[in-house]
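Here are my notes on this one, for you to check against the model. I start with the overall picture, then go to one helix and one spot on the surface.

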Amino acid sequence: MADSMTKFTLPLILDSVFYFVVTSQLVFTKIICTLVVPLCGAKYISNEVLTNENPVATGEPVRINKKGQSLTSDLRLFEDLSPICESQIYCQGEVLKDVQLARIFEDSKTFVDKKLRFPEREILQRYQALKANAGNRGLTKDDLKKFVEDNFEEAEELENWIPPDFTDRPALASLVADWKYKKWILLLNQIWKQLGKKMNIDVLVNADRHSLIYVENGFFIPGGRFLELYYWDTYWIVRGVLLCDMPNTARGIIENIISIVQRFGYMLNGSRRYYTGRTQPPLLIQMAATYYTTTNDLGFIKNNILTFEREFQFWLNNRMVSPNKQNTVEPFPGQGLQCNDPVSIPGIPTSLRNSTQQWDFPSCWPPLQAMVIQGLDRTYDINAQLVAYNLASKWVFTNYIGYSRTGTMFEKYDALRLGTPGGGGEYRSQTGFGWTNGVIFELFARWGNLLTSAEASVQINPSEGLKRL
């Protein structure tokens, strides 16, 4: 392949992401800022100390204070922020601080997902009494462990749920030519039954004892440690669910998010009280658009249009980021991403900086793959579409190899090791996985007749591509 068609550098990748954003009416500042740090206002600039009087509450642009410190390493940055919710256990207060700093649990999410055995006020009174009895000695780790055991419990908040419209053989499978991939697609479809959950009524009746926020309809958790409804995960989950012939389930999931928007004015990061004040890229309108395109259910759109508008206005009023004119464009290291190189990486990493954090190199995240691949594809430029296909082929293959080896799908993958989950960050690699499966279903819906499991880098050259794409 000629050099002009084989070397697609970062600017073209960014153009493809921008095209995805425009065509789907999506404001997605964080992804652009992650890829081109110097162009961004400040809020998402990596390795900068950020300052703002109250960024969570005001939504004002965040200003750079100084360089050279890690955002996650200096807890003083967060001392002046308003509490994210009123709970003195799940969101703020001595109990939360002491238990988490003592590292009683390997995963920091474990404690805040527990149910209270008693009313919050009573637990706080018990804790004050315990500290008073300890006096100058202070509380030991064993004291804290016992206090947690006595006052918190592992609740059965979620019940297993199989969607009524689930089918073992979705029509999507008929679009897949490769027999190994076809078998794999049918196995991935079965994972919906593992991820399907419905909330126990106790979450509604005793809402003050749970961090989980009740929603009425069944939904799909992402997987692993994530045992709640998430925002942008659900976009790719809904698209995958629709491709697996479950329109009623998709509608119910969207209705869950609508109910949270109606309660809070926006969709939280996830359906937990400690996610109040946080959100994720705004994709509710895109979910509804995908549902309508698939079902022609105009009544659903009419009934909920005011909620869609309400959330849209929330983003316009509270989550706008203003560019800092003093920032200058700096070149990225390297010679660009060699997207069509047969020996290149099997996915697009989030950044080219290996910080040991999960949102940096070498982790490759499914939603970002979808944005790049679909953005290139939707340019309708044959060169860009060839790159899109070849990126899709590699991404599908690394997912397939990972599943073949382990029998599971991962939250993210490693850009340097075929079929290997990504790592870094605060928790271990998670399995499941909702958005990963959704993206795979999307790629097969687009190129199922071409994708092959025969080898790691099955590519289409320009002359053949002009005939097949």
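1. Burial first: of the 469 residues in this predicted protein model, 52% are buried. On the outside, about 21,900 Å² is exposed, with carbon and sulfur atoms supplying 51% of that area.

2. As for the fold, I'd keep in mind that there are 18 helices and 9 strands. Take the contacts between residues at least 6 apart in sequence: 69% of them join residues at least 24 apart.

3. Now have a look at helix H17, residues 434–447. Its 14 residues should span 20 Å at 1.5 Å a residue, and the end C-alpha atoms are indeed 20 Å apart, so the expected span and the model agree.

4. H17 is also mostly covered, with 12 of its 14 residues buried. The run from Gly434 through Thr436, Asn437 and Gly438 is among them, as are Phe441, Glu442 and Trp447.

5. What do the buried residues of H17 pack against? Four helices turn up, namely H9 (179–195), H11 (231–243), H15 (366–377) and H16 (382–406), along with strand E9 (413–414).

6. Over to the surface, where Ile201, Leu204 and Val205 make a nonpolar patch of about 290 Å². Val205 belongs to helix H10, which covers residues 202–205. Is Val205 buried or exposed? Its relative accessibility is 61%, so Val205 counts as exposed, the cut-off being over 50%.

Technical notes
Residues are numbered from 1 along each chain as its sequence is written. This is a predicted model: local features need pLDDT of at least 70, side-chain atom pairs count only at pLDDT 80 or more; totals for chains, interfaces and linings use all residues. Side-chain values use heavy atoms; hydrogens and water are left out. Helices (H or I, at least four residues) and strands (E, at least two) are DSSP runs, numbered from the N terminus. The expected span of a helix is 1.5 Å times one less than its number of residues. Buried means under 20% relative accessible area, exposed over 50%, partly exposed in between (1.4 Å probe, protein chains only). Contact means heavy atoms within 4.5 Å. Accessible areas come from the Shrake-Rupley method with a 1.4 Å probe; for residues, only the protein chains shown count as cover. Patches are made of residues with over 30% relative accessible area and no salt bridge: like charges are joined within 9 Å, nonpolar side chains (Val, Leu, Ile, Met, Phe, Trp, Tyr) within 5 Å. A salt bridge is a side-chain nitrogen of Lys or Arg within 4 Å of a carboxyl oxygen of Asp or Glu.
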